[in-house]
Amino acid sequence: PTYCAEKHIGRCLKSIKNQPFENIEIIVVDQSSPDRTVEIVKQFTNKIIIREKPKFYSPPSLSRNLGAKKSKGEFLLNLDSDQELHPKLIENCVELIKNNGYVALIIHEEDIGLNFWSKCRALEKEAMVNDPYMEVTRFVTKKAFSKIGGYDANIESGEDWDITARIKGVGAIGVADFFIAHHTGKKNLIKNFKKMFDYGRTFEAYIKKNPDLARKQLTPFRSLYIRNWKLFARKPVL
């Protein structure tokens, strides 16, 4: 899913093309970006779906479902435009699922921040590694994805948590050996508060559907902060 992603999308798609696993299909669903996003995408794939321009915060659920419907592969890897793959990630994911019978995989993320606020977020993301309530599935068999009906398009925030919870009801979930790099760039504190506020305005549907999970995920007093006190102690300023 993309919208005004010209800054990152080339790096993301290049990291897919550089995978040694050759049988890869790239599908991009763009929400009528007015910048050079589609122009750059065409250098890597001709499988582009153009959606309507969003009026308000538009979650990637519908875009991901559209891409999955068009896909022909046995597996799905849902990515964001500002992410970058480890060179052996897809090969590793396919092997893990085929050898262990998993229906999906969690792929750890590493934020790459360029200023103070983005580095604060990167530290928090580091603390989330292996946390059962915060990490989400990204690599999934198409069979399992179709069985649960894909992403719930009625949920505008927390859609990744929701689909992870539903996939757990289908089969076992594993963990990939390699990370995804998430290039967050420079975060502006005011803009970030605005973004989080927009997310918060649309979280009601997720909370109603997953009340027990939501209580553990949305509290500011998370157990992961206690478990990772040594991590925070090494970087007290952040």
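The protein chain exposes about 13,300 Å² of surface, and carbon and sulfur atoms supply 54% of that area. These values come from a predicted model, which makes a good starting point for a tour from the outside inwards. Of the 238 residues of the protein chain, 47% count as buried. The charged side chains comprise 40 positive and 29 negative ones, and the centres of these two sets lie 2 Å apart.

The overall form comes next. Along its principal axes, the C-alpha trace spans about 45 × 40 × 35 Å. A compact globule with 238 residues would have a radius of gyration near 18 Å, and the value for the protein chain is 18 Å, so the two agree. The secondary structure comprises 12 helices and 9 strands. Among contacts in the protein chain with a separation of 6 or more, 75% are between residues 24 or more positions apart.

Helix α3 offers a first look inside. This helix covers residues 61-70, and its buried residues are Ser61, Ser63, Arg64, Asn65, Gly67 and Ala68. The cover over these buried residues includes the strands β1 (28-30), β2 (48-50), β3 (75-77) and β7 (137-141), together with the helices α6 (142-147) and α7.

Helix α7, one of the elements in that cover, spans residues 159-167 and contains Asp162. Asp162 counts as buried because its relative accessibility is 0%, where the cut-off for burial is under 20%. The side chain of Asp162 takes part in a polar contact of 3.0 Å with the side chain of Arg166. A polar contact of 3.3 Å also links the side chain of Asp162 to that of Lys209. When residues up to four places away in sequence are not counted, Asp162 touches Asp152, Ile155, Tyr206, Lys209 and Asn210. Lys209 thus appears both among these touching residues and as a polar partner of Asp162.

A further buried position is found in helix α4, which runs over residues 89-100 and includes Leu96. With a relative accessible area of 16%, Leu96 is buried. Apart from neighbours within four places in sequence, Leu96 is in contact with Gly101, Tyr102, Leu105, Val175, Ala176 and Asp177. One of these partners, Asp177, is 81 residues from Leu96 in sequence, while the C-alpha atoms of the pair are 9.1 Å apart in space.

Technical notes. Residues are numbered from 1 along each chain as its sequence is written. This is a predicted model: local features need pLDDT of at least 70, side-chain atom pairs count only at pLDDT 80 or more; totals for chains, interfaces and linings use all residues. Side-chain values use heavy atoms; hydrogens and water are left out. Helices (H or I, at least four residues) and strands (E, at least two) are DSSP runs, numbered from the N terminus. The radius of gyration is taken over C-alpha atoms; the globule rule is 2.2 Å times the number of residues to the power 0.38. Buried means under 20% relative accessible area, exposed over 50%, partly exposed in between (1.4 Å probe, protein chains only). Contact means heavy atoms within 4.5 Å. Accessible areas come from the Shrake-Rupley method with a 1.4 Å probe; for residues, only the protein chains shown count as cover. Lys and Arg count as positive and Asp and Glu as negative; His and the chain ends are not counted. The place of a charge is taken as NZ of Lys, CZ of Arg, CG of Asp or CD of Glu. A polar contact is a pair of N or O atoms within 3.5 Å; within protein, one must be able to donate a hydrogen and the other to accept it, and residues adjacent in sequence count only if both atoms are side-chain atoms.
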